[in-house]
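Student: Could you take me through one part of this protein slowly? I'd like a close look at the sheet and at how helices pack, but start with the whole chain so I don't get lost.

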Amino acid sequence: HYDQNMSERFFVELGLPEPAYNLGVGSGSHGAQTGAMLARLEEVLLRERPDWVVVFGDTNSTLAGALAAVKLALPVAHVEAGLRSGVMTMPEEINRVIVDRISSKLFAPTASAAANLAAEGRQDGVEVVGDIMVDALAMGLERARELPDTTLHTPPYCLLTVHRQANADSEERLRDILEAMGRLPQAVVFPCHPRTRARLQGVPVPRNVLVVDPLGYLDMLRAELHADVIVTDSGGVQKEAYLLGVPCVTLRCETEWPETLAHGRNVLVGSEPGAIVAAILHAPARQEASWAPFGDGRAAERIATSLGL
């Protein structure tokens, strides 16, 4: 991310060093953004000639990094390989499929992700290492619990995030989602992604919905911990809800994380207001926190060992 609340804060909170390079690529269409990153990454890779190019997830930067590397005959390692939603109209799905196809090492977070790769004929270079999000959670959870109470809102509240293109770029879907939130008896805390906030102009925000700036990693964990229900279209937030044992309602009709659906921990509802409200009102009670089947908090260690680091 290029927004301060979505980027710099994470470097500070996770104790990461300052990047050696900042490409300076901001918002734009998929083609313009990916093209600009490709050109600037190629310059960096030619200068550095790395042994491996490691790309994470399913964003445009993931795709640009992998393409820039293979064009220069540099081996690519994809962290979070093998995820599939089955919806090729999603930009993230396109990025995942292409990057998995051109990567030399495929670090799958779960057994089901590895099975997806096997079904596509990819078995060489595949390693099930666990999910690095579990590693991050293991490092950050106690710090999040100890944060001072800045009181976004006192419980009970519902935590909402909306950023995926299909929802954030559709005024109709945004209206439907916020209409559903307005029918709820409890408050709704809505940390608003910059792309979503830009599209809220003209969309009525119910009185029980508190729109706030994006939260840092630790503040977001704390907000998730104290929520009665999490409503989201984010794959990462779905997983965090599962790992923390907080019931989740996902504003999509599919998920690349099918493991989260076990025991009703996560429910797929799309954007129809009635379905959203029903799922929230009938959400199961908070369940015991569980890391299985996403790993044991040592995924990064396994990845580093595999890469010879």
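Tutor: Sure, let's start with the overall size. For 309 residues, a compact globule would have a radius of gyration near 19 Å, and the protein chain has 19 Å, so the two agree. Keep in mind that this is a predicted model. Along its principal axes, the C-alpha atoms fill a box of roughly 55 × 40 × 40 Å. Inside that box you'll find 13 helices and 10 strands.

Now for the sheet. Strands of a sheet pair through backbone hydrogen bonds, and they can do that either parallel or antiparallel. Here, six strands make an open sheet with parallel pairing, and if you walk across it you meet β7-β6-β5-β8-β9-β10 in that order. At the edges sit β7 (209-212) and β10 (266-268), each of which pairs on one side only. As you step from one strand to the next, the twist averages 20°.

Let's zoom in on β5 and β8. Strand β5 covers residues 157-161 and strand β8 covers residues 229-232; they run parallel and are joined by four bridges. For a concrete spot, find L160, whose bridge partner in β8 is V231. Helix α11 (residues 235-244) packs on this sheet, where it touches β5, β8, β9 (248-250) and β10. The direction of α11 makes about 165° with that of β8.

Next, helices against helices. Two packed helices are described by the angle between their axes and the distance between the axes. Take helix α3 (residues 60-71) and helix α4 (residues 91-102): their axes come within 9 Å and cross at roughly 25°. That angle makes α3 roughly parallel to α4, and their crossing is left-handed. On the α3 side, the residues that meet α4 are N60, T62, L63, A66, L67 and V70, and their counterparts in α4 are N95, I98, V99 and I102. Sort the residues of this contact and you get seven nonpolar, three polar and no charged.

Now look at helix α6 (residues 132-145) and helix α10 (residues 217-226), whose axes come within 9 Å and cross at roughly 75°. These two helices are therefore roughly perpendicular to each other. From α6 come A136, L137, G140, L141, R143, A144 and R145, which meet Y217, L218, L221, R222 and L225 of α10. The residues of the α6 and α10 contact split into eight nonpolar, one polar and three charged.

Technical notes
Residues are numbered from 1 along each chain as its sequence is written. This is a predicted model: local features need pLDDT of at least 70, side-chain atom pairs count only at pLDDT 80 or more; totals for chains, interfaces and linings use all residues. Side-chain values use heavy atoms; hydrogens and water are left out. Axes are lines fitted to C-alpha atoms, for helices over the stretch in contact, and angles run from 0 to 180 degrees between N-to-C directions. Angles under 35 degrees count as roughly parallel, over 145 as roughly antiparallel, 65 to 115 as roughly perpendicular and the rest as oblique. A crossing is left-handed if the near helix is turned anticlockwise from the far one by less than a right angle, and right-handed if clockwise. Contact means heavy atoms within 4.5 Å. Ala, Val, Leu, Ile, Met, Phe, Trp, Tyr, Cys and Pro count as nonpolar, Asp, Glu, Lys and Arg as charged, and the others, Gly among them, as polar. Two strands pair if DSSP finds at least two bridges between them. The radius of gyration is taken over C-alpha atoms; the globule rule is 2.2 Å times the number of residues to the power 0.38.
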